[in-house]
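Visitor: I've got a few questions about this one. Could you put the structure up and walk me through some of its residues?

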Amino acid sequence: MQQLVSIIIPSFNRSDLLERAIKSILNQSYKNYEIIIVDNNSTDNTKLIIQKYKDYKIKFSIVKNNGVIALSRNVGLKNSNGELIAFLDSDDWWEKDKLKDVIKVFDLKTEID
């Protein structure tokens with residue numbers, strides 16, 4: 001059984017880059033994940049970008065983190081259901097096998113321990 005990975009994306013006024021981050025998750029070869037976006041009261045069109053992906057079960061929260069990104073990450077953790085957690089900054093993206101490769105190493109390490 002594949003483990004559920006909760007992917008947490010903190011964001012603030014990154015609508016121009018957020019879509020690339022979301023697409024890089026949707027294009028993963030490993031498909032058992034949830035996407036949790038925690039936005040710090042963006043004033044750009046972040047909400048419009050996320051609405052484009054409403055069919056992909058994206059959890060979306062808005063917080064006022066006062067510059068403390070750890071708060072956004074913690075909100076994401078509280079809203080996650082995964083056995084594993086991954087963080088993706090809103091201005092980054094992943095290659096298509098990122099999760100598959102990480103899970104493979106994680107599973108190997110777990111078997112050894």
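Visitor: Is Ile85 buried, partly exposed or exposed, what is its relative accessible area?
Guide: Bear in mind that this is a predicted model. Ile85 sits in strand 4, which covers residues 84-87. Buried would need under 20% relative accessible area and exposed over 50%, so Ile85 falls in between as partly exposed, at 36%.

Visitor: Which residues form a nonpolar patch on the surface, and what is their accessible area together?
Guide: To join a patch, a residue needs over 30% relative accessible area, and Ile85 has 36%. Its partners in the nonpolar patch are Leu77 and Phe87. Together, Leu77, Ile85 and Phe87 have an accessible area of about 230 Å².

Visitor: On to charges: how many salt bridges are there?
Guide: Side chains of opposite charge can pair when their charged atoms come close. The cut-off here is a Lys or Arg side-chain nitrogen within 4 Å of a carboxyl oxygen of Asp or Glu. By that rule, the count is six.

Visitor: Which residue meets Arg14 in a salt bridge?
Guide: Arg14 is in the loop between strand 1 (5-11) and helix 1 (15-26), and its partner is in the loop between strand 4 and helix 4 (98-112), so the pair ties together parts 77 residues apart in sequence. Arg14 is partly exposed at 30% relative accessibility, and the partner is partly exposed at 28%. The N to O distance is 3.0 Å, and the partner is Asp91.

Visitor: Which residues are linked with Asp97 in a network of salt bridges?
Guide: Asp97 is partly exposed, with a relative accessible area of 22%. One of its salt bridges has an N to O distance of 3.5 Å, and another comes in at 3.8 Å. The partner in the 3.8 Å bridge is itself partly exposed, at 35% relative accessibility. The residues linked with Asp97 are Lys96 and Lys100.

Visitor: Is Ser90 buried or exposed?
Guide: Ser90 is found in the loop between strand 4 and helix 4. Leaving aside neighbours within four places in sequence, Ser90 is in contact with several residues, including Ile9, Leu17, Leu18 and Ala21. Its relative accessibility is 4%, and the cut-off is under 20%, so Ser90 counts as buried.

Visitor: Which residue has its backbone oxygen 3.5 Å from a polar atom of the Ser90 side chain?
Guide: Look among the contacts of Ser90, which also include Ser11 and Arg14. The backbone oxygen lying 3.5 Å from that side-chain polar atom belongs to Pro10.

Notes: Residues numbered from 1 in each chain as written. Predicted model: local features only at pLDDT ≥ 70, side-chain atom pairs only at ≥ 80, totals over all residues. Heavy atoms only, no water. Patch = residues over 30% accessible without salt bridge, like charges linked within 9 Å, V, L, I, M, F, W, Y side chains within 5 Å. Areas by Shrake-Rupley, 256 points an atom, 1.4 Å probe, with all protein chains shown as cover. Helix = DSSP H or I, 4+ residues; strand = E, 2+ residues; numbered from the N terminus. Buried < 20%, exposed > 50% of the residue type's maximum accessible area, 1.4 Å probe, protein only. Polar contact = N/O pair within 3.5 Å; in protein donor to acceptor, adjacent residues only side chain to side chain. Contact = heavy atoms within 4.5 Å.
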